[in-house]
Amino acid sequence: PVVTVTLIGINILAFLVQSQAADPEAFVRTWGLVPAAFSWVAVFTSMFLHGGLFHLGGNMLYLWIFGDNVEDRLGHGRFLAFYLLCGVAAAVAQALLSPGSRVPMVGASGAIAGVMGAYFVLYPRSRIVTLVPIFIFFQIVEIPAIFFLGLWFVLQFLSGVGSVATAAGRGSGGIAFWAHVAGFAAGVVGVFLMRRPERERVEWWNDR
């Protein structure tokens, strides 16, 4: 999955540049997406910035888990275009819902949510190895992708509704849940338009 690996590498490199900047906060305000000062350049650059090491690590883990299979079904070039378009859809949706916000939006979450949406369509019966807390213990279980990703989407949607009710238009910071919702939805729809035609399996035999 050369595109998936390359995207992970670019995100890590961007984080290193961001963390080594003389003024990291100013760096994020310059290259992150500020809805109140919308910029198409920032829509793309914000996809490769992150709010911290755990933010980066979580996103890259999800991209690695789901990206390779989706890239295999779409092809390298289509996957790259698909990833970027899902990121654009996610960023624009979040900006439209909080147009007056001056809090910079950063992260690959919206684009990766699109990849997860595509995985939801392409591999619904695949099983995701998941660490599940049971009281004070943790159990590793395999959960069907359609359930794992469906539950994730519902939680993002409900959290988005809750964030609107809580923020009440104040433009406060936090997790951009609507970017996740929009990215996932863009992935579900976009994968039907961008996936390669299935190659037929031909059985060869000799009946002589």
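Here is a walk through this structure, from its overall layout to a few individual residues.

Keep in mind from the start that this is a predicted model. Counting up the secondary structure, you get 8 helices and 2 strands. Follow the chain from the N terminus and the elements come in the order α-α-α-α-α-α-β-β-α-α, so the two strands sit between the sixth helix and the last two helices. The protein has 208 residues, and 41% of them count as buried. If you take the contacts between residues at least 6 apart in sequence, 74% of those join residues at least 24 apart.

A good place to look next is helix α6, which covers residues 109-122. With its 14 residues, α6 spans 20 Å from its first C-alpha to its last, close to the 20 Å expected at 1.5 Å a residue. Is this helix enclosed or out in the open? The rest of the structure largely encloses α6, because 12 of its 14 residues are buried. The buried ones include Ser109, Gly110 and Ala111 towards the start of the list, and Tyr119 and Leu122 as well.

That brings us to the nonpolar core. The largest one has 45 residues, and those with the most contacts inside it are Phe66, Tyr83, Tyr119 and Leu149. Several elements give two or more residues to this core: α1 (2-20), α3 (40-45), α4 (53-74), α5 (76-97), α6, α7 (145-167) and α8 (177-194). Which of them gives the largest share? That would be α6, with 8 residues.

Tyr119 makes a nice stop here, since we have already met it twice: as a buried residue of α6 and as one of the residues with the most contacts in the core. Setting aside residues up to four places away in sequence, Tyr119 touches Phe66, Asn69, Val70, Pro124, Ser126, Ile128, Ala145 and Leu149. Two of the names in that list, Phe66 and Leu149, are also among the residues with the most contacts in the core.

Now for some empty space. The second largest pocket holds about 310 Å³. Its lining is made of 14 residues, and Tyr62, Ile128, Val129, Thr130 and Phe148 lie nearest its centre. Three elements, α4, β1 (127-134) and α7, each supply at least two residues of this lining, and the largest share, 6 residues, comes from α7. What kinds of residues line this pocket? They divide into 12 nonpolar, 2 polar and no charged.

Let's step over to the loop between α5 and α6, where you will find Val106. Val106 counts as partly exposed because its relative accessibility is 25%. Which residues does Val106 contact, leaving aside its neighbours within four places in sequence? They are Val28, Gly32, Ser46, Leu49, His50, Gly51 and His55. For Val28, the two positions are 78 residues apart along the chain, yet their C-alpha atoms are separated by 7.8 Å.

Two more residues round out the tour, one from helix α1 and one from helix α8. Leu13 is in α1. Buried or exposed? Leu13 counts as exposed, because its relative accessibility is 54%. From Leu13 to Phe48 is 35 residues in sequence and 8.9 Å in space, going C-alpha to C-alpha.

Phe177, over in helix α8, is buried, with a relative accessible area of 18%; the cut-off for buried is under 20%. Where the chain is concerned, Phe177 and Gly160 are 17 residues apart, while 4.9 Å separates their C-alpha atoms.

Terms used
Residues numbered from 1 in each chain as written. Predicted model: local features only at pLDDT ≥ 70, side-chain atom pairs only at ≥ 80, totals over all residues. Heavy atoms only, no water. Helix = DSSP H or I, 4+ residues; strand = E, 2+ residues; numbered from the N terminus. Expected span 1.5 Å × (residues − 1). Buried < 20%, exposed > 50% of the residue type's maximum accessible area, 1.4 Å probe, protein only. Core = buried A, V, L, I, M, F, W, Y, C linked by side-chain atoms within 4.5 Å. Contact = heavy atoms within 4.5 Å. 1 Å grid on protein atoms, 1.4 Å probe; cavity = no way out; pocket = protein on both sides within 12 Å on 5 of 7 lines; lining within 4 Å. Points joined across faces, edges and corners; volume = space filled by probe spheres on them. Nonpolar A, V, L, I, M, F, W, Y, C, P; charged D, E, K, R; others polar.
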